[in-house]
Amino acid sequence: MRTQVAIIGSGPAGLLLSHILRRNGIDSIVLERQTRAHVLERIRAGLLEAGTVALLREVGLGARMDREGHPHDGSWIAWEGRPRFLIDTKKYTGKQMTAYGQTNITEDLFAALDAAGGKIVDEAANVQLNDLTSGQPYVTYEKQGRTIRIDCDYVAGCDGSHGVSRFAIPAAMLKTYEKSYPFGWLGIMSQTPPYPDICYCYHSRGFALASQRNPMLSRYYIQCDVDAKLEDWPDDRFWQEFKARCPQEMADSIVTGPSIEKSIAPLRSFVAEPMRYGALLLAGDAAHVVPPTGAKGLNLAVSDVFYLSRALIEFYRTGNTHYLDSYSDTALRRVWSAARMSWWLTMLLHRFADETPFEEKMRLNQFDHLLTSERAAAALAEQYVGLPY
Ligand code: RFL
Ligand code: PHB
């Protein structure tokens, strides 16, 4: 087979890239290791930056998001023993964040690609990237006992943090930066009316977050030990712990119910540089992972795809490689800003077992600084809502 761009991974990065390329007359094939059902079942992100919403609208994916998504003027921080603080994105940036699930975006993308004859191969095993610096790159994969070869001009590595694409870059040419945090997030989904606000809670028992998907679907998280086991967290224990970490009036208004999904995600920060090697261009979690505290992972995948699609469109229209050549530097500038914000918010809002009383005071003072300084509040709002592309 031959295509212009072979895309590895059918997460939001890979699907969105294929969709935008197709709208611009550029052919691509998406190779996905899992079944489509598996991809659609994964519950992940829920909060979209204004820039993500604008881009999705611009590429014809806004209809359902505008109907079902829920715009918010900001997100709250409820700190034990302190007044509530609003990360007021509307006031300081004029922009809103929108609650709309990654699952829905993925569904919208599959529907758009299916309707337009997009090519997505699922259950593509043993994907391998070959001859990336030869001028004649190709990808192979296995399906139903056969090995299939796809010749292409470019390979987009959109296969998430556990994919193969990043490992096709020789170790000597790749620099990686990593930090793991000594806790995870235990998340549940429940078919209950959500708490009306997106609210991050800091409490001496640990962090908690109330979020939402739609008027009858709520998403809640609590900080948990890295080695926590799902079987130790029946719903009752989860709700009890969640409520213990939020202010009384908030706890009283949370509508609880049976969970329909429950999972534990470890928290880490990871950035790989550069995001290009010959014909291979990395995008999304394949190149970088942020802890979910800042709600930035999916939004970064979308901004990478913005820069990458612009570069490929420019190349196929004019032969000019300017944007391709600057892709890694341009994308990484935005990645590092989001990595810093996500790290900062993670450090601010979680309990660290080995923390000294001094560090605890510093944490408290950082929050008080937000409460009392318009400039500090504005700086956080600007980063939280997402930097312009
Ligand atoms: P994905 O979504 O991981 O998709 C990669 C795809 O590649 C496939 N794949 C392979 N295919 C072929 N061959 C191989 N060898 C392959 N290896 C892997 C995988 O099966 C998969 O289908 O990466 P992508 O597209 O870069 O998208 C990134 C986002 O999914 C991720 O950053 C966000 O979900 C992170 N995130 C959040 N981001 C936000 O912007 N806002 C949020 O509110 C938010 N909340 C979250 C989150 C992530 C979480 N978890 C579970 C880590 C909340 C949580 C709990
Ligand atoms: C979510 O709704 O899943 C969500 C919201 C905000 C975050 C992280 C996750 O910071």
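In this predicted model, ligand 2 has one of its oxygen atoms 3.1 Å from a polar backbone atom of T293. Side chains join in as well. S211 puts a polar side-chain atom 2.6 Å from an oxygen atom of ligand 2, and R213 does much the same kind of thing, with a polar side-chain atom 2.8 Å from an oxygen atom of the ligand. Altogether, 13 residues surround ligand 2, and the closest of them are Y200, S211, R213, Y221 and P292. So S211 and R213 turn up twice here: they are among the closest residues, and their side chains have polar atoms close to ligand oxygens, within the 3.5 Å that defines a polar contact.

Ligand 1 comes next. There are 33 residues around ligand 1, with E32, R42, Q102, D285 and L298 coming nearest. Q102 is worth picking out from that list, as one of its polar side-chain atoms lies 2.7 Å from an oxygen atom of ligand 1. The backbone takes part too: a polar backbone atom of A13 sits 2.9 Å from an oxygen atom of ligand 1. On the nitrogen side, a nitrogen atom of ligand 1 has a backbone N or O atom of G297 at 3.2 Å.

What does helix α3 pack against? The helix spans residues 50–58, and its buried residues are A50, T52, V53, L55 and L56. These buried residues pack against quite a list of elements: the helices α1 (12–23), α4 (63–68), α6 (102–115) and α9 (297–318), plus the strands β3 (47–48) and β7 (97–99). After α3 comes G60, with a positive phi near 80°.

Helix α9, one of those packing partners, is also home to S303. Is S303 buried or exposed? Its relative accessible area is just 1%, so S303 is buried. Setting aside residues up to four places away in sequence, S303 touches R334 and Y389. With R334 there is a polar contact as well, joining the two side chains at 3.0 Å.

Two further helices, α10 (residues 322–349) and α11 (residues 357–372), make a neat pair. Their axes come within 9 Å and cross at roughly 115°, and the two helices are therefore roughly perpendicular to each other. On the α10 side, the residues involved are W344, M347, L348 and L349, and on the α11 side they meet R363, Q366, F367 and L370. Sorted by class, this contact has six nonpolar residues, one polar and one charged.

Helices α7 and α8 each offer a residue to look at. E241 is found in α7, which covers residues 235–244. Although it is a glutamate, E241 is buried, with a relative accessible area of 11%. Leaving out residues up to four places away in sequence, E241 touches R205, I222 and W233. A251, for its part, lies in helix α8 (residues 248–253) and is buried too, at a relative accessible area of 5%. Beyond its neighbours within four places in sequence, A251 is in contact with K243 and C246. How far apart are A251 and Y195 in sequence and in space? The two are 56 residues apart in sequence and 9.6 Å apart in space, counted C-alpha to C-alpha.

Finally, a few spots stand out for their backbone geometry. Most residues other than glycine have a negative phi, and most peptide bonds are trans. E123 is not a glycine, yet has a positive phi of about 50°. This residue is found in the loop between β8 (119–121) and β9 (125–130), and at 45% relative accessibility E123 counts as partly exposed. A295 likewise has a positive phi, near 55°, and is a residue other than glycine. Its place is in the loop between β20 (288–289) and α9. Here the relative accessibility is 17%, so A295 counts as buried. As for the peptide bonds, a cis one joins E273 and P274, with omega at about -5°. P274 is found in the loop between β17 (259–273) and β18 (276–277).

Conventions: Residues are numbered from 1 along each chain as its sequence is written. Chains are lettered from A and ligands numbered from 1 in the order in which they are written. This is a predicted model: local features need pLDDT of at least 70, side-chain atom pairs count only at pLDDT 80 or more; totals for chains, interfaces and linings use all residues. Side-chain values use heavy atoms; hydrogens and water are left out. Buried means under 20% relative accessible area, exposed over 50%, partly exposed in between (1.4 Å probe, protein chains only). Helices (H or I, at least four residues) and strands (E, at least two) are DSSP runs, numbered from the N terminus. Contact means heavy atoms within 4.5 Å. Axes are lines fitted to C-alpha atoms, for helices over the stretch in contact, and angles run from 0 to 180 degrees between N-to-C directions. Angles under 35 degrees count as roughly parallel, over 145 as roughly antiparallel, 65 to 115 as roughly perpendicular and the rest as oblique. Ala, Val, Leu, Ile, Met, Phe, Trp, Tyr, Cys and Pro count as nonpolar, Asp, Glu, Lys and Arg as charged, and the others, Gly among them, as polar. A residue is near a molecule or strand if one of its heavy atoms lies within 4 Å of it. A polar contact is a pair of N or O atoms within 3.5 Å; within protein, one must be able to donate a hydrogen and the other to accept it, and residues adjacent in sequence count only if both atoms are side-chain atoms.
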